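Student: I have a model open and do not know how to begin. Can we go through it feature by feature?

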Amino acid sequence: MDVLLLLGDGMLLSLQPLNLMMILIGVTLGLFIGAMPGLGSVNGVAILLPVTFLVPPGSAIIFLAAIYYGAMYGGAVSSITLGIPGASTAVATTFDGRPLAKQGRASLALVTAALASFIGGTVANVLFTLFAPLLASVALSFGPPEVFALMLLAFATFVGLGGDDIPKTIFSICFGLVLGAVGFDQISGAPRLVLFDYNGFLQGIGFLVLAIGVYGIGEMLWTIDQTRGDVTATTPKMTVKGMASDTKEAAKRGWKGTMIGSFLGFFVGVLPAAGATPGSLMSYGVAKMVSRNPDEFGKGSPDGVAAPEAANNSASTGSMLPMLTLGIPGSPTTAILLGGMVIWGLVPGPRLFVDEQEFVWGLIGSFYISNVAALLINLAFIPVFIWMLRMPFTILAPMIFVLSITGGYAATRDMFDIWLIVGFGIGAFFMRKFDYPLAPAVLAIVLGPIAEPTLRQSLLLSSGDPSIFFTRPVAGPITVIALILIFMPLVKVIRRQMGKRKKPAS
Amino acid sequence: MRVGELLTAGFLALLSLYLMWKSTELPIGYIAGTGPGGGAWPFWLSAIMLVCCVCVAFNWWRGTSPPSQSEEPVLDSHGWRSLIFVGGGIIAFVALVSIISMYGAIAVFLFYYVWFLGRHGLILSLSISLITPVALFFFFEGAMQITMPSGLPFTDPVFNFLYEIIY
Amino acid sequence: MKMTKRTLLGMAGAALMAVAPMQAAAQDWQPRKPIDFVIMAGAGGGADQIARFIQAVAEQEDLTTRPLVPNNKGGGSGAEALIHVSTASDPDHTILVTLNSFFTTPLRQENLGIDIQTFTPVAMMGVDPFVLWVHKDSGITTFDEYVAKVKEMDGEFVMGGTGAGQEDSIVIAYMSGAYDLDIKYIPYDGGGAVAKDLAGQQIMATVNNPAEAKGFYEAGDFVPLLAFSDERMPAYPDVPTIKEMGHDFSYYNQRAIVGAPGMSDEAAAYYQDLFTQIYESEQWQGYLTSESLSPLWMDAGEQRDYWALQVENHQSLLAALGE
């Protein structure tokens, strides 16, 4: 009961006029930060930190929650309208969001994303309120072998993602994984794959560098070439009536994905090492698996937008759980938040949840309110985003290039990365021409640096014995399921290919 | 397309070989008691990449993949032109960043694209290429506190003046 | 039209510059641009927390005319940050928050060509001691029990840390050598992950800065066994030091601010003054106490000597590690 009272206090605090204004400003700012390729909630929260000294801590927390939610909603906007995932959590949103936008149904995609995000966030908040301490102990039981098993499971969903050309899909996955290994070997601490012995590669190749190169430059060049620079895509229309019917359609065709994403995303997000990216990817895969028309996925299915969007919002809220209950950051954003707590004079750690209830529940209360505010503001801005799409392509295209370059620089503040973006972009253009799917590479560069160290940490733990992945009570079942999922479609495909080969022969 | 498919596969195979060779700087085998060495992960993955390239070449020979059946050129004259003008424009844009600052380069690039490639009116082109960098300046430097490259020292007076406004 | 605007701005700027030198003569050097505040670690680690705390103090007390802009460059054990700072185009506006990888990384990777003596000393904000922790469920309560347990497990005792050549691995290597311990060491990518896996008992012990383990200590989950400081720490008065055990060893992580190579004397003086003010602020002194950092204030000349000494110490420590 106490908890509900404290939660209620937190919500009431958020509804005071000054704080409500903070929420509106925060959500709007967050929405635009999230919509910029390259910028995300990390940047929003980082700029806020020094300000926390200037306002009362209560308002600071609320402002922070607002920026956080705004940025999470915004991530979908650039995935759908520009086709550039602004963060690794939004890659899966492009799979179906982009095709919908190209069909002139951007508003349907945006409305679906907003509603799914709202439900994902709300489900996560409720689960958080009810089960926080219990889930914290689950999170702790995940050591390196369990995390690796989970990564295997995420890879299993890859298999269904690629194009029809299997060697090219596998090439793309491996390419992403190898790029993720550039920089330093975490286990031995030695420099690794410093290509051409150029020092710039010591810092590794970030996800954003590859994603912005592939989507912001490569995909754009491909579109320009394909359409002869004259894109006369169906002009998206925007009316109040249209939006109402979009809402209906989104609810009808996206509820399944939303439900899957909300729950699956939360549980994956709670695990400190994993985070929102595998959560959104796995939700997409599961939504496709259980869908009645899986062929629609990748061609503009509202379920395909709803699942990853619900999952990444839900997972981002989930990643707050290890931070608040254990003092362990689950993502870079929560890491900066932890720093903020130290500045406010709080001690992050397991005692926080017990000793600073007012702070914890105030924060969670403001999550509920910010989530509602983010939904309303996002819906209000959809016409603006649609209007952007109506710009002539010869103005929109250079704008996208400019946003890609500036966003890429803002993310790492290194000119070398900008050159890499351009290089990847031109390379991606040619690979795209020859039907190499690139989404697997972009996702692999995120998952590889989690998978490889956990694999090797596990083997160090077991003195080189790989059975550790099968004998541990949590890791074992996950590994087995993952392996089945990986090999099932492969067997199916090989059979089909064999069948194909036989036919022309006979 | 047919030739291009094989050339691409060949190029990617060379890349895989280079990555394999580079990975051997660290141990690539299975070290008893500790698991795979530091180079094993990238080495064996690059090896799979190489195998994939061989498969692509095999499919090319059998003519089963769409690009290996297509007789269309990879890029026709229009394609080449747009790639050189747009791709070259982006490269020039990035090269200009270290000379006339990020914002200066944005202005030049936008003007080039909108006016020269897009054939829009002079007034429209100029206003887009001037308003965008100014808006981005206030967004990045003012709101986000992210400093963009300011180019060679001769741009300093302009930036000092602008910083005076926002701080 | 574009030219005129540029020229106008330029002229206005030039006019401003013409006035500026007179002011500058009156009130010393002032930053003209946002200050690139480079952090030798990724977001969220101990060094990052300290940098952001410093930034917040500067902001709150309104100490600088231009903001300190945190810039995380943690790649390659700080190699990324060292390269970035030593090639900075504007050394007067580039400063670096360092930890001990400031000494170890140039030693371990000579091909970087970094000579730390070319950097400009600014301020030593404090040093962070190290403590050996175990989980309370392990039943170990003293260092002697710990040594007995490790010997009993014969190479199966698992400790976590932030990687070969990192601060904690140096401490663990010394301890193993001194007590003839055979430890299985698992490298992680950050102090937070190490603390989490100790809390989940995936690993059995760690060597961490008190700041990273404090939350779990206060909750009663972690038990401190041994401190690697010169004297017993005020926050952990019952924890013996390795010096008391008869080994002349202490190890601290430095939390220092240095300027880019080639920084002008005026700028260096400005930053030294700035960080003296931050150091003396109530907030920073409170932070030192609450996070168990030891004060070790030094002037610029002393810092250079300290660097030389540390490089020498680390050379022998790394040599002992087999690096």
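Tutor: Start with one idea. A nonpolar core is a set of buried Ala, Val, Leu, Ile, Met, Phe, Trp, Tyr and Cys residues joined through C-beta atoms within 7 Å. Buried means that 20 or more other C-beta atoms lie within 10 Å of the residue's own. Keep in mind that this is a predicted model.

Student: Which residues touch the most other members of the largest nonpolar core?

Tutor: That core has 306 residues. A:Val45, A:Ala66, A:Leu110, A:Met151, A:Leu210 and A:Val442 touch the most other members. Helix 6 of chain A, residues 106-140, gives the largest share of this core, with 18 residues.

Student: What does A:Met151 touch, leaving out residues up to four places away in sequence?

Tutor: Find A:Pro278 and A:Leu447. Then add A:Ile450, A:Ala451 and A:Thr454.

Student: Now the whole chain. How many helices and strands does chain A have?

Tutor: Chain A has 21 helices and two strands. Its radius of gyration is 22 Å, and the globule rule gives 23 Å for 506 residues, so chain A is as compact as a globular protein of that length. Its C-alpha atoms fill a box of roughly 75 × 60 × 50 Å along the principal axes.

Student: What share of chain A is buried?

Tutor: Buried residues make up 66% of the 506. Look at sequence distance too. Take the contacts in chain A between residues at least 6 apart: 80% of them join residues at least 24 apart.

Student: How does chain B read along the sequence?

Tutor: The pattern is α-β-β-α-α-α-α-α. That makes six helices and two strands.

Student: What is the radius of gyration of chain B, set against a compact globule of 167 residues?

Tutor: Chain B has 24 Å, while such a globule would have a value near 15 Å. The C-alpha trace of chain B spans about 60 × 50 × 25 Å along its principal axes. Of its 167 residues, 37% count as buried. Among contacts in chain B with a separation of 6 or more, 52% come from residues 24 or more positions apart.

Student: And chain C: how many helices and strands are there?

Tutor: Chain C has 11 helices and 10 strands. Its C-alpha atoms fill a box of roughly 80 × 40 × 40 Å along the principal axes. Of its 323 residues, 52% are buried. Residues 24 or more positions apart account for 77% of its contacts with a separation of 6 or more.

Student: How do I read a single helix?

Tutor: Begin with the general rule. An α-helix has 3.6 residues a turn, so residues three or four places apart point the same way. Now take helix 5 of chain B, residues 122-143. This helix has 22 residues and reaches 31 Å from its first C-alpha to its last, close to the 32 Å expected at 1.5 Å a residue.

Student: Which residues of helix 5 of chain B are buried?

Tutor: They are B:Ser125, B:Ile128, B:Ser129, B:Thr132, B:Pro133, B:Phe140 and B:Glu141. These residues cover an arc of only 140° around the axis, which puts them on the same side of helix 5 of chain B.

Student: Which exposed residues sit on the face turned away from that buried side?

Tutor: B:Ile123, B:Ile131 and B:Ala135.

Student: What covers the buried residues of helix 5 of chain B?

Tutor: The cover includes helix 4 (77-117) and helix 6 (156-166) of chain B. It also includes helix 17 of chain A. Just after helix 5 of chain B, look at B:Gln145, which takes a positive phi of about 55°.

Student: Helix 17 belongs to another chain. How many residues of chain A are in contact with chain B?

Tutor: 49 residues of chain A are in contact with 59 residues of chain B. Helix 17 of chain A gives the most to the chain A side, with nine residues. That side divides into 32 nonpolar, seven polar and 10 charged residues.

Student: How many residues make the contact between chain A and chain C?

Tutor: Chain A gives 42 residues and chain C gives 40. Helix 14 of chain A gives the most to the side of chain A that touches chain C, with seven residues. By class, this side has 27 nonpolar, 13 polar and two charged residues.

How values were computed: Residues numbered from 1 in each chain as written. Chains lettered and ligands numbered in written order. Predicted model: local features only at pLDDT ≥ 70, side-chain atom pairs only at ≥ 80, totals over all residues. Contact = placed C-beta atoms within 7 Å. Helix = DSSP H or I, 4+ residues; strand = E, 2+ residues; numbered from the N terminus. Nonpolar A, V, L, I, M, F, W, Y, C, P; charged D, E, K, R; others polar. Expected span 1.5 Å × (residues − 1). Buried ≥ 20, exposed ≤ 12 C-beta atoms within 10 Å, placed from the backbone. Arc of directions from axis to C-beta. Rg over C-alpha atoms; globule rule 2.2 N^0.38 Å.
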